[in-house]
Amino acid sequence: MNIDSLVLELKSLANPTKAKNCLWFFKTGQGEYGEDDKFLGLTNPQIRSIVKKYQKSINLSETFLLLTNPYHECRLTALLILVYKFSHGDDRTKKLIFTLYLAHTNFINNWDLVDLSAPRIVGTYCFETKDYSILYKLSLPQDLWEKRISIISTLFLIKNNIFEPTLTIAKTLLNDPHDLIHKAVGWMLREVGKKDQKTLTDFLDEYCLKLPRTTLRYSIERLPEKLRLYYLKSK
């Protein structure tokens with residue numbers, strides 16, 4: 001089994017009707033965040049089945065080549081294989097995957113591609129090395145997907161009770177104009193609150209008035225109703 005047979009197998013499952021729906025769902029119109037992306041119309045279970053079949057036989061070079069494929073599902077397949085290889089790799093392999101992942105962010109160019117890979121690769125590597133500097137760096141440029149990688153990667157840190165990188169990046173992205181960033185920041189703040197409500201409320205007490213309304217709504221979803229209403233009325 002090689003990359004050619006993997007791509008052929010993905011294409012054999014193509015569903016034109018679903019592919020057309022994906023064009024709308026992932027905002028591929030002119031000027032939208034997924035502009036000009038292409039879809040085969042596969043379901044996530046179909047993709048994961050192929051990932052399971054090929055994840056051991058496809059090498060890293062082939063996987064990163066697959067990540068450059070114009071079809072969204074091929075790139076997602078590559079990223080899920082990378083997640084598998086990272087989780088089963090030694091320190092050298094993990095460092096290599098982490099480095100190459102960050103060198104290919106222009107192909108990790110939609111929210112699902114980021115969300116299903118960044119915490120398990122970038123977040124895990126930062127946790128294991130105790131070095132969060134790359135997350136802060138990624139939050140600074142104008143590239144939408146690098147900014148989303150920076151905040152979504154902190155999900156793994158949050159799960160391990162490390163909150164400061166999330167809060168720092170949330171402050172950096174406070175005035176970001178994009179709705180996908182508003183949602184991502186709100187989601188991560190909500191996850192912080194699920195682990196430590198006081199850490200979230202301390203942050204909200206200071207920054208509530210500055211938060212985009214979408215970010216605020218996402219962040220307070222799991223708070224008690226009285227607190228939710230308090231922050232909504234404060235906005």
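These legends accompany four close-up views of a predicted model.

**View 1. T124 and its surroundings in helix α8.** Welcome to the first close-up, centred on T124. This residue belongs to helix α8, which covers residues 118–129. T124 has a relative accessible area of 8%, and it counts as buried because that value falls under 20%. Leaving aside residues up to four places away in sequence, T124 touches F86, P119 and F156.

**View 2. The aromatic pair of Y33 and W145.** The model holds 10 aromatic pairs, and here is one of them: Y33 and W145 meet edge-to-face. Their ring centres are 5.8 Å apart, with 80° between the planes. Y33 sits in the loop between α2 (16–25) and α3 (44–54), while W145 is part of helix α10 (residues 144–152), so this pair ties together parts that are 112 residues apart in sequence. How accessible is Y33, and is W145 buried or exposed? Y33 is partly exposed, at 22% relative accessibility, whereas W145 is buried, with a relative accessible area of 6%.

**View 3. A cluster of rings joined by ring pairs.** Next, have a look at a group of aromatic side chains. W24, F25, F26, F39 and W111 are the members of this cluster, and ring pairs link them.

**View 4. K130 over the ring of F127.** The last close-up turns to a charge and a ring. The charged end of K130 is placed over the ring of F127. From the centre of that ring, the charged end of K130 is 4.1 Å away.

Key
Residues numbered from 1 in each chain as written. Predicted model: local features only at pLDDT ≥ 70, side-chain atom pairs only at ≥ 80, totals over all residues. Heavy atoms only, no water. Helix = DSSP H or I, 4+ residues; strand = E, 2+ residues; numbered from the N terminus. Buried < 20%, exposed > 50% of the residue type's maximum accessible area, 1.4 Å probe, protein only. Contact = heavy atoms within 4.5 Å. Phe/Tyr/Trp six-rings, centres within 6.5 Å; stacked < 30°, edge-to-face > 60°. Lys NZ or Arg CZ within 6 Å of the ring centre and 35° of its normal.
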